[in-house]
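Let's take a friendly tour of a protein model, one region at a time. Have the sequence and the 3D view ready.

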Amino acid sequence: MSHLPFDDTTDFANADRGFVTALDPAVITADDGRVIWDNDSYAFLGAECPDTAHPSLWRQAQLCARQGLYEVAEGIYQVRGLDLSNMTVIEGERGIIVIDPLISAETAAAALALYRGHRGDRPVTALIYTHSHGDHFGGARGVLPRGTEEGVPVLAPAGFLEHAVSENVYAGNAMTRRAMYMYGDRLAKAPDGQIGAGLGMTTSTGTITLIPPTVDITHTGQEEVLDGVRIVFQLTPGTEAPAEMNFFFPDHRALCMAENATHNMHNIVTLRGAVVRDARVWARYLDEAVELFGDATDVAFASHHWPTWGRENVRDFLTSQRDLYAYLHDQTLRLLNAGLTGPEIAETIQLPPALEKCWHVRGYYGSLSHNVKAVYQRYLGWFDGNPAHLWEHPPAESAERYVACMGGADAVVAKARDYAEAGDLRFAATLLNHVVFADASHAAARTELAGIYRRLGHGAENGPWRNFYLMGAKELDEGPGTIDLDTTNPEMAMALTVEQLVDSLAVRVDGPRAWDTELVIDLVVTGSPAGPDTAAAPVSPSAPTRHRLTLHNGALTHRTADRPGAPRTPAGLTLTLTKPQLLSVLAGGGLDGNDGNDGIGGIEQSGDASLLGTLFALLVEPDTSFPIVTP
């Protein structure tokens, strides 16, 4: 670390620049009194870095923990430190444009109130989502409560809605479970516990909402005028999110970089799991941003961290970020084509010296190690070509055999202690992990492994690595916790298309139990597929659409049954219903006159109504507390 410029305090000056006021106390609660955000719990970061933290990550945490309302430029404000992400406010002619309303409605409402307390009770006249991750749309109802959204444009990049909701449905349970470890959900905020996540401090745990976009950004160069404010957009799909965009405010000479350029190395694939991102196109879009906007930009800000001021500083910042992702991609491919595997490349690759000492490309959130493995995965997948790895035993079965070969659990634990004492914590963890997976009840192995994980966590520069290690230790000591964050609430479900709703059922079918069951159900959905038809948000009705669900060989498939050439064979059951009624049925509401309850009124049905119960009986509920570091 001696090469890092700890005497350079530019980031601290920039993080404090434009400070207006802070939320005091910086504690936000839900309606039931539950604390969903507590930035004051990080007050300990005002001290010197202890032995239980990496000095570079401690420095990053000190910067990210700054909280309050900041002026970025005339007419542009940010609220930072009230969630993992920032909320940006652009002042227009009649009111304000809100960019990225945080994760939770409660934190977004608090952020907006903090702004209004200083700048007046200006109405929200437009809402912009920079991309399709939950920390950039989840608080929408905190800034546009029900009944206030009529006539307010909501802008997002093309494909936003599909990606925003699908990530929380198909693999949502597993992703959310792993995100608990990535952000240190159950760790104490303390010098030896959770000190941030690199990208921000942690995630709020309030109410996730979503107002569907009304205006799609479909191409680079598209210009919109919102409340008198000119905005020029740059579409950047496949970068930090599948649907993402940067945009420029010509009259403010200000550039919003969404999450494509922040003050850390980002993830090519996150540790919680996600679609692998394309580092090659990421670098190209950053280069395009420099070309399109670099000469006209006086300040660049993003959805995380603090802005960069000055035209040359902005260009240097963006070109270094560009070079980072290009280097990651190209050098991984060079070494891949020389025959190295992902783990081998991770141990071999080094950043150029100029990037290595640059604070804003340090691996606080993404890391060089797991990013190059992600690039390898994107091109070659999980298999490294070695047939010994083609059909290995699962972890627990392999562990039993390794431990037996090494003389039993006690002998392996003793050997692991020797490696730990010699400073090889990585191999000590590997050995102890074998014991735990061979015998999860072996108390000495669990205790030793928890201690190794804590030591590895305390030495990690990467925030999610630290949190995963410390959460792993906590699971070994206390057992797995459960998911607290609800990503499948009714408003999120209402944003799903009928196709996505069916897909969400398909991934819950217990295949082996369904092998011998065959059924066909038609859903004729009337009304608007976009959202609920309420007095607060009236929508125009659309033509009914027929969706055919077929369960065959344990697989639930779906097709639009009204398209040309679709089969005309009758379904076993046909339901004609609105989308809200469909959601109620899928939530277990039953049909009128069936299931021994009152059911849901107004649904037309023909055929065998018991088929619905047959299908539901084959569905399984996700396990919200499955273990991560134990069998």
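Which residue in strand 12 is the bridge partner of Glu-224? It's Ile-231. Keep in mind as you look around that this is a predicted model.

## A hairpin to start with

Glu-224 and Ile-231 are a handy way into a small piece of the fold. Strand 11 (residues 223–226) and strand 12 (residues 229–235) run antiparallel and are joined by four bridges. Together they make a hairpin with two residues between the strands. Look at Asp-227 in this hairpin: its phi is positive, near 50°.

## The eight-stranded sheet

Next, find the open sheet built from eight strands, in the order 1-4-5-6-7-8-9-10. Its pairing is mixed. Here's some background: strands of a sheet pair through backbone hydrogen bonds, and they can do so in a parallel or an antiparallel way.

Which strands stand at the edges? They are strand 1 (19–21) and strand 10 (215–217). Each has a single partner strand, so one side of each has no neighbour in the sheet. On average, neighbouring strands here are turned by 25° against each other, direction ignored.

For a closer look, pick strand 4 (residues 68–73) and strand 5 (residues 76–80), which pair in the antiparallel sense over five bridges. You can spot Leu-69 standing opposite Val-79 in strand 5.

## Helix 3 and the nonpolar cores

Helix 3 lies across several strands of the model, including strand 1, strand 4 and strand 5, as well as strand 6 (87–91), strand 7 (96–99) and strand 8 (124–128). It runs at about 35° to strand 6. Does its length fit its residue count, or what span should we expect for 15 residues? At 1.5 Å a residue, helix 3 should span 21 Å, and because its end C-alpha atoms are 21 Å apart, the two values agree. Right after helix 3 comes Gly-120, with a positive phi near 100°.

Plenty of helix 3 is tucked away: Ala-105, Glu-106, Thr-107, Ala-108, Ala-110, Ala-111, Leu-112, Leu-114 and Tyr-115 are buried. Now for the largest nonpolar core, which has 96 residues. Helix 3 (residues 105–119) gives the largest share of this core, six residues. Leu-45 and Tyr-129 have the most contacts inside the core.

What does Leu-45 touch, leaving aside its neighbours within four places in sequence? It is in contact with Trp-58, Ala-61, Gln-62, Ala-65, Ile-195 and Met-201. Another core, of 38 residues, lies apart from the largest one, and among its members are Phe-293, Tyr-325, Leu-328 and Ala-346.

## Two helices that cross

Leu-328 turns up again where two helices meet. A bit of general background helps here: two packed helices are described by the angle and the distance between their axes. The axes of helix 8 (residues 311–336) and helix 11 (residues 368–380) come within 9 Å and cross at roughly 65°. Their crossing is right-handed.

Which residues make the contact? Helix 8 brings Leu-328, His-329, Thr-332, Leu-333 and Leu-336. From helix 11 come Leu-368, Asn-371, Val-372, Val-375, Tyr-376, Tyr-379 and Leu-380.

## The five-stranded sheet

Move along to another open sheet, where five strands follow the order 19-18-17-20-21 with mixed pairing. Strand 19 (555–560) and strand 21 are the edge strands, each pairing on one side only. The twist averages 20° from one strand to the next. Helix 18 (residues 498–506) packs on this sheet, touching strand 17, strand 18 (545–552) and strand 19. Its direction makes about 170° with that of strand 19. Helix 21 (residues 610–617) lies across strand 17, strand 19 and strand 20, at about 105° to strand 17.

Strand 20 shows how pairing can be mixed. With strand 17 (residues 519–526), strand 20 (residues 573–578) pairs in the parallel sense over six bridges, and Ile-521 has Leu-573 as its bridge partner. With strand 21 (residues 604–607), strand 20 pairs in the antiparallel sense over four bridges. Leu-575 is the bridge partner of Leu-523, and it is also partnered with Gln-605 in strand 21.

## Zooming in on Thr-574

Thr-574 is found in strand 20. Is it buried or exposed? With a relative accessible area of 14%, Thr-574 is under the 20% cut-off, so it counts as buried. Leaving aside neighbours within four places in sequence, Thr-574 is in contact with Asp-522, Val-524, Arg-546, Glu-604, Gln-605 and Ser-606.

How values were computed. Residues are numbered from 1 along each chain as its sequence is written. This is a predicted model: local features need pLDDT of at least 70, side-chain atom pairs count only at pLDDT 80 or more; totals for chains, interfaces and linings use all residues. Side-chain values use heavy atoms; hydrogens and water are left out. A nonpolar core is a set of buried Ala, Val, Leu, Ile, Met, Phe, Trp, Tyr and Cys residues joined through side-chain atoms within 4.5 Å. Buried means under 20% relative accessible area, exposed over 50%, partly exposed in between (1.4 Å probe, protein chains only). Contact means heavy atoms within 4.5 Å. The expected span of a helix is 1.5 Å times one less than its number of residues. Two strands pair if DSSP finds at least two bridges between them. Axes are lines fitted to C-alpha atoms, for helices over the stretch in contact, and angles run from 0 to 180 degrees between N-to-C directions. A crossing is left-handed if the near helix is turned anticlockwise from the far one by less than a right angle, and right-handed if clockwise.
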